[in-house]
Amino acid sequence: MSARVTATSPASKKNARFPNHIAIIMDGNGRWAKKRGLPRLEGHRAGVENLRSVIAYFNKLKLKYLTLYGFSTENWKRPEEEITGLLNLLEEEIDKETLELHKNGIKIRHLGRLDELSPSLQQATNKALELTKNNTGMTLSLAFNYGGRAEILNAVRKVVADGIRPEEINEELFTGYLYTAALPEVDLVIRTAGELRLSNFLIWQTAYSEYYFTKVLWPDFDEKEIDKALLSYSQRQRRFGGL
Ligand code: IPE
Ligand code: IPE
Ligand code: MG
């Protein structure tokens, strides 16, 4: 008999413990730069560069959904020079990398308010979404100008505008009004750089997620660190309120 993977074989058990949707709070670019005596923007450059290998690794591991937090609605409080620099880096990266992501069957989504961003960033993003919309590989959701509270308020406004009656509102319906409509539950949230908070990231969607915090700064978060996060996840017991 061939060594087929059956429902009870170790390989399939291992796969069952592999997350379907991972969301990452990519923090620590500033500290990475500071440690090296470099301007903060150099940290963001290194952070944006790290995206490529992280995305490629998750794609190789056949992750279905990867969601990355790159710029929050609160990040507008930063000095204008840093904001512009960071958003420009993001735009350049989208422009440069979309074709390669497309070739790999990756579907790109955006989470957040695109209309408050520069016309050129909107254009680059829309082009990436359009080009990759029919891809069936990993779904890569980029959260920039994203805020969890803003997302919920936006959903509430749309529910009201659609004239939905109070008794029709349930979790499933509401979920469909979020930026993340059609994305599955987040299984694992990873935050780099040691901070133990969500910072307004996917506050509805992470109600039952597992969390993994590491002190490693985002530009240093590599395959080895990803493996550690996945190993930690594989050892968790998820109960969802049951036994
Ligand atoms: C990148 O890290 C995350 C963004 C908000 C763009 P930071 O810029 O927050 O880096 P630290 O926290 O200052 O080290
Ligand atoms: C969270 O990081 C936002 C992103 C990673 C995009 P911050 O560095 O902005 O979070 P706080 O301010 O430390 O909570
Ligand atoms: Mg930070």
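Trainee: How far does a polar side-chain atom of Arg-197 lie from an oxygen atom of ligand 2?

Mentor: This is a predicted model, so the distance is computed from predicted coordinates. A pair of N or O atoms is read as a polar contact within 3.5 Å. For Arg-197 the separation from an oxygen atom of ligand 2 is 2.8 Å. Asn-75 also places a polar side-chain atom 2.8 Å from an oxygen atom of this ligand, and for Ser-199 the corresponding distance is 2.6 Å.

Trainee: How much of the accessible area of ligand 2 does the protein cover?

Mentor: On its own, ligand 2 has 390 Å² of accessible area, and the protein covers 78% of it. The residues around ligand 2 include Ile-25, Tyr-69, Phe-71 and Arg-191.

Trainee: Which residues are around ligand 1?

Mentor: The list includes Met-26, Asp-27, Gly-28, Asn-29, Arg-40, His-44 and Leu-86. Asp-27 appears around ligand 1 and also around ligand 2. Its side chain has an N or O atom 2.9 Å from an oxygen atom of ligand 1. In two further contacts the protein side is backbone: a polar backbone atom of Gly-28 is 3.2 Å from an oxygen atom of ligand 1, and one of Asn-29 is 3.2 Å from an oxygen atom of ligand 1. Taken alone, ligand 1 exposes 380 Å², of which the protein buries 87%.

Trainee: Tyr-69 was named around ligand 2. How many aromatic pairs are there?

Mentor: Ring centres within 6.5 Å make a pair, and the count comes to nine aromatic pairs. Take Tyr-69 and Phe-201: their ring centres are 4.3 Å apart and their planes meet at 10 degrees, so the pair is stacked. Tyr-69 belongs to strand β2 (residues 65-72), whereas Phe-201 sits in the loop between β5 (188-191) and β6 (210-213); the two are 132 residues apart, and the pair links distant parts of the chain.

Trainee: Is Tyr-69 buried or exposed?

Mentor: Buried, because its relative accessible area is 6%. Phe-201 also counts as buried, at 0% relative accessibility. Both rings belong to one aromatic cluster, together with Tyr-146 and Tyr-179.

Trainee: What is the geometry of the pair formed by Phe-71 and Trp-76?

Mentor: Here the ring centres are 5.0 Å apart and the planes lie at 80 degrees, so the pair is edge-to-face. Phe-71 is buried, with a relative accessible area of 1%, while Trp-76 is partly exposed at 35%.

Trainee: Which strand is joined to β3 by five bridges?

Mentor: Strand β4 (residues 139-146), and the two strands run parallel. Within the pairing, His-110 stands opposite Leu-142 of β4. Strand β3 (residues 107-111) is mostly covered, with four of its five residues buried.

Trainee: What is the handedness of the β-α-β unit made by β3, helix α5 and β4?

Mentor: Left-handed; the helix in that unit, α5, spans residues 119-132.

Trainee: Where is Gly-242 found?

Mentor: In the segment after α8 (223-234). Gly-242 is partly exposed, since its relative accessible area is 38%, which falls between the 20% cut-off for buried and the 50% cut-off for exposed. Sequence separation and spatial distance are separate readings. For Gly-242 and Ala-124 the first is 118 residues and the second, C-alpha to C-alpha, is 45 Å.

Note on methods
Residues numbered from 1 in each chain as written. Chains lettered and ligands numbered in written order. Predicted model: local features only at pLDDT ≥ 70, side-chain atom pairs only at ≥ 80, totals over all residues. Heavy atoms only, no water. Buried < 20%, exposed > 50% of the residue type's maximum accessible area, 1.4 Å probe, protein only. Pairing = 2+ DSSP bridges. Right-handed = clockwise from strand over helix to strand, strands pointing away. Near = heavy atom within 4 Å. Polar contact = N/O pair within 3.5 Å; in protein donor to acceptor, adjacent residues only side chain to side chain. Areas by Shrake-Rupley, 256 points an atom, 1.4 Å probe, with all protein chains shown as cover. Phe/Tyr/Trp six-rings, centres within 6.5 Å; stacked < 30°, edge-to-face > 60°.
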